[in-house]
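Work through the exercises below with the sequence and the model side by side, and try each task before reading its solution.

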Amino acid sequence: MSLYHKMDIDNFEEKESIPTRTPYIDENGHFNSYCDDIKAMAQAVKLALLTPRFRLIAFDSNYGSELDTLQKCNYDDLVFESEAKRRVKDALLCDERITDVYDFKFLQNDDTKIIKFSVDTIYGTLERQEVTIGV
C-alpha cells in the first residue's frame, strides 16, 4: 500500500472563509458573551493595537503593534503623526478581513496623544476607532 496518492487539483473548489464566533471581552476584561462580524472586528482592531509586537511568544511577528515604542521618542508632531499612521496601518492591514485604514486625526491631551481613525472591513466600516499613546 502506497502513501502517495495522486490528486486532481483542477477540480478543487476554493472554500469561502467562514467567520467564527469570538469571545467578547467587556470593559472590565471579562469574557461574558460572544460576538461576530463588525463587533468582532472592533475587538480585533483594539486587541491588535494594544498587543505589543515581537514580545509575546503566543503571537507570530505579524500580530500586534509597535505603538508602544512611540512613547519614548521625542519626534516633532509631523514625524510622530506620520510614524503613528504607518504603525497603525502596519498592525491592522495584515488582517485579511481589514481592507483599509484611513481618516486619521490626532489630538493632544496633556501628556497623551489620541489617534482617531476609520477602518474598512469585509463586514463594514468601523468609524471613530482610537488609540491613546502616552508621551
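**Exercise 1: The lining of the largest pocket**

The residues that line the largest pocket divide into eight nonpolar, four polar and five charged. This is a predicted model, and the pocket belongs to that prediction.

Task: State which residues lie nearest the centre of the largest pocket, and which element gives the most to its lining.

Solution. Begin with the extent of the pocket, whose volume is about 330 Å³. Its lining is made up of 17 residues, and those nearest the centre are Tyr24, Ile25, Ala42, Gln43 and Lys46. Next, assign the lining to elements: strand 1, helix 1 and strand 5 each give two or more residues. Helix 1, with eight residues, gives the most.

**Exercise 2: Helix 1 and its surroundings**

Task: Determine how far helix 1 reaches from its first C-alpha to its last, which of its residues are buried, and what those buried residues pack against.

Solution. First, take the length: helix 1 covers residues 37-50, and its 14 residues reach 20 Å from first C-alpha to last, close to the 20 Å expected at 1.5 Å a residue. Second, list the buried positions of the helix, which are Ala40, Met41, Gln43, Ala44, Val45, Ala48 and Leu49. Gln43 therefore appears twice in this analysis, as a buried residue of helix 1 and as one of the residues nearest the centre of the largest pocket, where buried means under 20% relative accessible area. Third, follow the packing of these buried residues, which takes in strand 1 (22-25), strand 2 (31-35), helix 2 (77-92), strand 3 (98-109), strand 4 (112-121) and strand 5 (124-134).

**Exercise 3: One residue, Leu49**

Task: Decide whether Leu49 is buried or exposed, and find which residues it contacts beyond its neighbours within four places in sequence.

Solution. Leu49 is found in helix 1. Its relative accessible area is 7%, so Leu49 counts as buried, the cut-off being under 20%. Leaving aside neighbours within four places in sequence, the contacts of Leu49 are Ser65, Leu67, Val88, Ala91, Leu92, Phe117 and Val131. For one of these partners, Leu67, the separation is 18 residues in sequence, while the two C-alpha atoms are 7.4 Å apart in space.

**Exercise 4: The whole chain**

Task: Describe the order of elements along the sequence and say what share of the residues is buried.

Solution. The protein holds two helices and five strands, arranged along the sequence as β-β-α-α-β-β-β. Of its 135 residues, 28% are buried. Finally, the accessible surface comes to about 10,100 Å², with 50% of it belonging to carbon and sulfur atoms.

Methods:
Residues are numbered from 1 along each chain as its sequence is written. This is a predicted model: local features need pLDDT of at least 70, side-chain atom pairs count only at pLDDT 80 or more; totals for chains, interfaces and linings use all residues. Side-chain values use heavy atoms; hydrogens and water are left out. Helices (H or I, at least four residues) and strands (E, at least two) are DSSP runs, numbered from the N terminus. The expected span of a helix is 1.5 Å times one less than its number of residues. Buried means under 20% relative accessible area, exposed over 50%, partly exposed in between (1.4 Å probe, protein chains only). Contact means heavy atoms within 4.5 Å. On a 1 Å grid over the protein atoms alone, a cavity is a set of points where a 1.4 Å probe fits but cannot get out, and a pocket is an open set with protein on both sides within 12 Å along at least five of seven lines; lining residues have an atom within 4 Å of a point. Grid points are joined across faces, edges and corners, and a volume is the space filled by probe spheres set on the points. Ala, Val, Leu, Ile, Met, Phe, Trp, Tyr, Cys and Pro count as nonpolar, Asp, Glu, Lys and Arg as charged, and the others, Gly among them, as polar. Accessible areas come from the Shrake-Rupley method with a 1.4 Å probe; for residues, only the protein chains shown count as cover.
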